[in-house]
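Reader: I'm new to this one and would love a close look at a single part, plus some idea of what surrounds it. Could you walk me through it?

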Amino acid sequence: MSRRGFIGAGAALGAGLCIPRWSWAGTQSVAGIGGTTPPWLAWDDEADPVVAALIDSGEVPAVNALLRGWTKNGQALPSGLPTYLHQFIERARQLPAWADISKLKTAVEFNKKRGTYLGAAYGFVSGMMSTVIPHEARAVYYSKGGADMKRRISRTARFGYDIGSLGGFHDPNGEMIVTAVKTRLAHAGVRHLLPQSPHWRGGADQPKPISQRDILVTWHSLPTSVMRSLKKWGVKVPAAEADAFLHSWQIAAHLLGVRDEYIPATWEAADAQAPEILDPVLAPTPEGIQLAQMLLDLAAETDGGAFSRPLLESLTRYFLGDQIAGWLNIPRHPGQDQMLAAAWPYFVRMKEAGLYVPGSNPFYWAFDEILRQGALWYLAEGQTISIEIPNFNNPNYS
């Protein structure tokens, strides 16, 4: 960490921000060992210099154009990429030695059964939770994605869609390896560009964004928070399927550049890490509140927000609770709030009971797939969703 970083972090801590701690044992990780570097002092030593070189040389637009055609796990990289980028991607796209293909296939079965719950949890638990994760909210707000939130959310939704798709990581025709590697490149771009933004620097308590700790925070807002929600809703997930779901997210973390020493090996390890990594950092910020308002207005094009906005507000309050709803200035909707809170557990019970009906799994999958594809089409406005390396920050805050 640079001298400037220590000074900035010290000033932020002196202003009353949460002092990070790291007591989680690395023996609980997929690596089975722990290093000496806490995750808030680690970024991505391999991807960051590669993407910084691309941005500084002005090659990003040409590279993004070439990579739009690279979509499948088993697909060869396009010709014309800079040699150093080609070599990096070839290394980054490899599954770790500890990847278990049988578990990845079992994860597909889990996703087929419970896609509706996953979609709701990814959207209203993880998605809206991102607005009260200060580092994430500020990084999104001042980076290129903050200028077009609908497109930004479409790329996040693509990540959630691909990890739950039938191809996933294990099928050469799947797309999740590509999605993860492209996301890793995009993160590296944000790390290089945001420190150049005076708006981001003005409130930063770290020398650059998206540290390994930040990725872990976001990671826990996804699988860990989803599993917490499923338990809250009374969903009884078989142990093999729960472990397989976790394994798919362990692979995702690895492909995003998270060090194996930080990735929880079991649900018990994840549940031990989350209270240290995720829970203490949740807090409102001006940027996060603005992002939440943008998210709540995503469907306003269809009805001017007259129906969709109150519905999304009630859903957010139910899934995340009164405290976070209060942080985000979400109003109460008497009657509707209570109706949704009563209806969702009933819906879950009915859908769970339907799993015992022969032939229900393919039907559930087909129904959920229609919803997922429709949501992606709406968010992308009918265009192909491509995760790309940024080459500038939010122009509204230049």
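**A close look at Ser197**

Author: Let's start with a polar contact: the side chain of Ser197 reaches the backbone nitrogen of Trp200 at 3.1 Å. A polar contact here is a pair of N or O atoms within 3.5 Å; within protein, one must be able to donate a hydrogen and the other to accept it, and residues adjacent in sequence count only if both atoms are side-chain atoms. Keep in mind that this is a predicted model, where local features need pLDDT of at least 70 and side-chain atom pairs count only at pLDDT 80 or more, while totals for chains, interfaces and linings use all residues. Residues are numbered from 1 along each chain as its sequence is written, and side-chain values use heavy atoms, with hydrogens and water left out.

So where does Ser197 sit? You'll find Ser197 in the loop between helix H9 (176-193) and helix H10 (198-203). Helices (H or I, at least four residues) and strands (E, at least two) are DSSP runs, numbered from the N terminus. Ser197 counts as buried because its relative accessibility is 2%; buried means under 20% relative accessible area, exposed over 50%, and partly exposed in between (1.4 Å probe, protein chains only). Leaving out residues up to four places away in sequence, Ser197 touches Tyr142, Asn393 and Tyr397, where a contact means heavy atoms within 4.5 Å.

Glu276 makes a nice companion to look at. Glu276 belongs to helix H13 (residues 267-277), and its side chain reaches the backbone nitrogen of Ser23 at 2.5 Å. With 6% relative accessibility, Glu276 also counts as buried.

Now zoom out. The chain has 19 helices and 0 strands, and 54% of its 398 residues count as buried. Among contacts between residues at least 6 apart in sequence, 77% join residues at least 24 apart.

How far can you trust all this? The chain averages a pLDDT (the predictor's confidence in each residue, from 0 to 100) of 88, and 90% of the residues score at least 70. Over residues 1-17, though, pLDDT stays under 50, and the model has 16 contacts beyond four places in sequence for them.
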